[in-house]
Amino acid sequence: MTEDLAVFEAAEEAARAGRAVVLATIVHCRGSVPRGAGSKMLVDPERGLTGTVGGGCGEAQVIEAAAEVLETGAPRLLRIDLTEDLFSWSPAVCGGVFDVFIERVAPARLDPAAGAP
């Protein structure tokens with residue numbers, strides 16, 4: 001199974017269960033980064049993570065922002081900068097920058113007057 005398919009299946013499973021989740025998608029990259037544009041990660045508070053946007057401190061920032069997006073429902077564009085000083089405490093400095101679009105994915109509410117699909 002491809003990683004994207006796993007992400008979409010996890011989102012569909014959450015929707016069927018009535019859970020809101022957060023989808024994070026890398027939309028732009030510059031320099032050396034762990035994952036490319038289009039990489040996706042689903043953050044499900046009940047089931048954990050599916051997919052990845054690169055791991056390490058960058059992914060931790062995305063997970064933290066995902067909690068806020070889940071609560072507020074407001075999408076967010078987050079810039080992850082991995083160009084810190086090579087002598088910093090983090091061994092995960094790649095030398096690039098990537099932007100991640102983070103959005104809440106909630107189950108659709110059916111209009112009872114419209115009937116079930």
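Two residues are in contact when they have heavy atoms within 4.5 Å of each other. Among contacts in this protein between residues at least 6 apart in sequence, 51% join residues at least 24 apart.

This is a predicted model, in which local features need pLDDT of at least 70 and side-chain atom pairs count only at pLDDT 80 or more, while totals for chains, interfaces and linings use all residues. Residues are numbered from 1 along each chain as its sequence is written, and side-chain values use heavy atoms, with hydrogens and water left out.

**Whole chain**

Start with a cartoon view. The protein has two helices and five strands, in the order α-β-β-β-α-β-β from the N terminus. Helices (H or I, at least four residues) and strands (E, at least two) are DSSP runs, numbered from the N terminus. Switch to a surface: about 7000 Å² is exposed, and carbon and sulfur atoms supply 55% of it (Shrake-Rupley method, 1.4 Å probe; for residues, only the protein chains shown count as cover). Of the 117 residues, 32% count as buried, that is, under 20% relative accessible area; exposed is over 50% and partly exposed lies in between (1.4 Å probe, protein chains only).

**The sheet**

Select the five strands. They form an open antiparallel sheet in the order 3-2-1-5-4; two strands pair if DSSP finds at least two bridges between them. Strand 3 (48-51) and strand 4 (76-81) are at the edges with a single partner strand each, so one side of each has no neighbour in the sheet. On average, neighbouring strands are turned by 25° against each other, direction ignored. Axes are lines fitted to C-alpha atoms, for helices over the stretch in contact, and angles run from 0 to 180 degrees between N-to-C directions.

Next, select residues 21-30 and 97-105. These are strand 1 and strand 5, which pair in the antiparallel sense over nine bridges. R30 has V97 in strand 5 as its bridge partner.

Move to strand 2 and strand 3, a hairpin with three residues between the two strands. Their antiparallel pairing runs over four bridges, and V43 stands opposite L49 in strand 3.

**The helices**

Select residues 3-16. This is helix 1, lying across strand 1, strand 2 (40-44) and strand 3, at about 25° to strand 2. Then select residues 56-72: helix 2 lies across strands 1, 2, 3, 4 and 5 and runs at about 165° to strand 4.

**The cores**

Which residues of the largest nonpolar core touch the most other members? Show V62, I80, F98, V100 and I102; they do so in a core of 17 residues. A nonpolar core is a set of buried Ala, Val, Leu, Ile, Met, Phe, Trp, Tyr and Cys residues joined through side-chain atoms within 4.5 Å. Two or more residues each come from strand 1, strand 2, helix 2, strand 4 and strand 5, and helix 2 gives the largest share, four residues. Apart from this core lies another, of seven residues, including A10, A11, V21 and L42.

Centre on V100. Leaving out residues up to four places away in sequence, V100 touches A24, T25, I26, V62, R76, L77, L78 and I80.

**Last stop: D44**

Select D44 in strand 2. Buried or exposed? D44 is buried, with a relative accessible area of 5%. Beyond four places in sequence, D44 touches A14, R19 and V21. The side chains of D44 and R19 are joined by a polar contact of 2.6 Å (a pair of N or O atoms within 3.5 Å; within protein, one must be able to donate a hydrogen and the other to accept it, and residues adjacent in sequence count only if both atoms are side-chain atoms).
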